[in-house]
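Visitor: I should like to go through this structure by asking how each description is justified. May we begin with the interior?

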Amino acid sequence: APTVTSVSPAYADQAVEKVVTITGTGFLGLTDPADVTFGADAAQSVYVVSDTQIVATTPDTDIDPIVPP
């Protein structure tokens, strides 16, 4: 299962899409935006850079601070 170790930036503005870099392991194969969620909302887009890095666009909704589990 994928593991998240960090997210940058750590916070996203409310109701504004923001590109974030997610670092961790096990990301190969995560191509569907529904594979990456911010709270209950799926990412707008997901680009898997490598098994250890994803670039994702946050949903255009109010979200809480993004922190790794």
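Visitor: What makes a group of residues here the largest nonpolar core, and which residues belong to it?

Guide: This is a predicted model, and its largest nonpolar core has twelve residues. They are V7, V20, I22, F27, L30, V36, F38, A43, V46, V48, I54 and A56. Strands β2, β5 and β6 are the elements that give two or more residues to this core. The name applies because such residues must be buried and joined through side-chain atoms within 4.5 Å. In soluble globular proteins, nonpolar side chains tend to be buried together.

Visitor: What does V48 touch beyond its sequence neighbours?

Guide: With residues up to four places away in sequence left out, V48 touches F27, L28, L30, Q53 and I54. Each of these counts as a contact because heavy atoms lie within 4.5 Å.

Visitor: Which side chains of β2 are buried, and which are not?

Guide: The side chains alternate along β2. V20, I22 and G24 point to one face and are buried, while V19, T21, T23 and T25 point to the other and are not. V20 stands opposite A56 in β6, and both V20 and A56 are listed in the core.

Visitor: How do you know which secondary structure elements the chain has?

Guide: The assignment gives zero helices and six strands. From the N terminus on, the order is accordingly β-β-β-β-β-β.

Visitor: What is the order of the strands in the open sheet, and which strands are at its edges?

Guide: The open sheet has four strands in the order β1-β2-β6-β5, with antiparallel pairing. The edge strands are β1 (3-8) and β5 (45-50), each of which pairs on one side only. From one strand to the next, the twist averages 25°.

Visitor: How do you know that β1 and β2 are paired?

Guide: Five bridges join β1 to β2 (residues 19-25), and the two run antiparallel. Two strands pair if at least two bridges are found between them, so β1 and β2 meet the condition. One of the partnerships sets S8 against T21 in β2.

Visitor: How many bridges support the other pairings of the sheet?

Guide: Strand β2 is joined to β6 (residues 53-57) by five bridges, again antiparallel; here the bridge partner of T21 is V55 in β6. Strands β5 and β6 likewise pair in the antiparallel sense over five bridges, with A56 in β6 as the bridge partner of V46. A hairpin of two residues joins β5 to β6.

Visitor: Why is T57 called buried or exposed?

Guide: T57 belongs to strand β6. Its relative accessibility is 14%, and buried means under 20%, so T57 counts as buried.

Visitor: What makes the approach of T57 to S45 a polar contact?

Guide: The side chains of T57 and S45 make this contact at 2.9 Å. The limit for a pair of N or O atoms is 3.5 Å, so the distance falls within it.

Visitor: How is T58 classed, buried or exposed?

Guide: T58 is in the segment after β6. With a relative accessible area of 0%, T58 is buried, because the value is under 20%. T58 and V46 are twelve residues apart in sequence, and their C-alpha atoms are 9.3 Å apart in space.

Visitor: Why is T3 placed in its accessibility class?

Guide: T3 is in strand β1. At 39% relative accessibility it is neither under 20% nor over 50%, and therefore T3 counts as partly exposed. Leaving aside neighbours within four places in sequence, T3 is in contact with T23, G24, T25 and F27. T3 and F27 are 24 residues apart in sequence and 8.1 Å apart from C-alpha to C-alpha.

Visitor: What makes the bond between S8 and P9 a cis peptide bond?

Guide: Omega for the bond that joins S8 and P9 is about 0°, and the bond is cis. P9 is found in the loop between β1 and β2. Most peptide bonds are trans.

Visitor: How many of the residues count as buried, and how much area does the chain expose?

Guide: Of the 69 residues of the chain, 28% count as buried. The chain exposes about 4,100 Å², of which carbon and sulfur atoms supply 52%. Among contacts between residues at least 6 apart in sequence, 43% join residues at least 24 apart.

Note on methods
Residues numbered from 1 in each chain as written. Predicted model: local features only at pLDDT ≥ 70, side-chain atom pairs only at ≥ 80, totals over all residues. Heavy atoms only, no water. Axes fitted to C-alpha atoms, helices over the stretch in contact; angles between N-to-C directions. Buried < 20%, exposed > 50% of the residue type's maximum accessible area, 1.4 Å probe, protein only. Polar contact = N/O pair within 3.5 Å; in protein donor to acceptor, adjacent residues only side chain to side chain. Areas by Shrake-Rupley, 256 points an atom, 1.4 Å probe, with all protein chains shown as cover.
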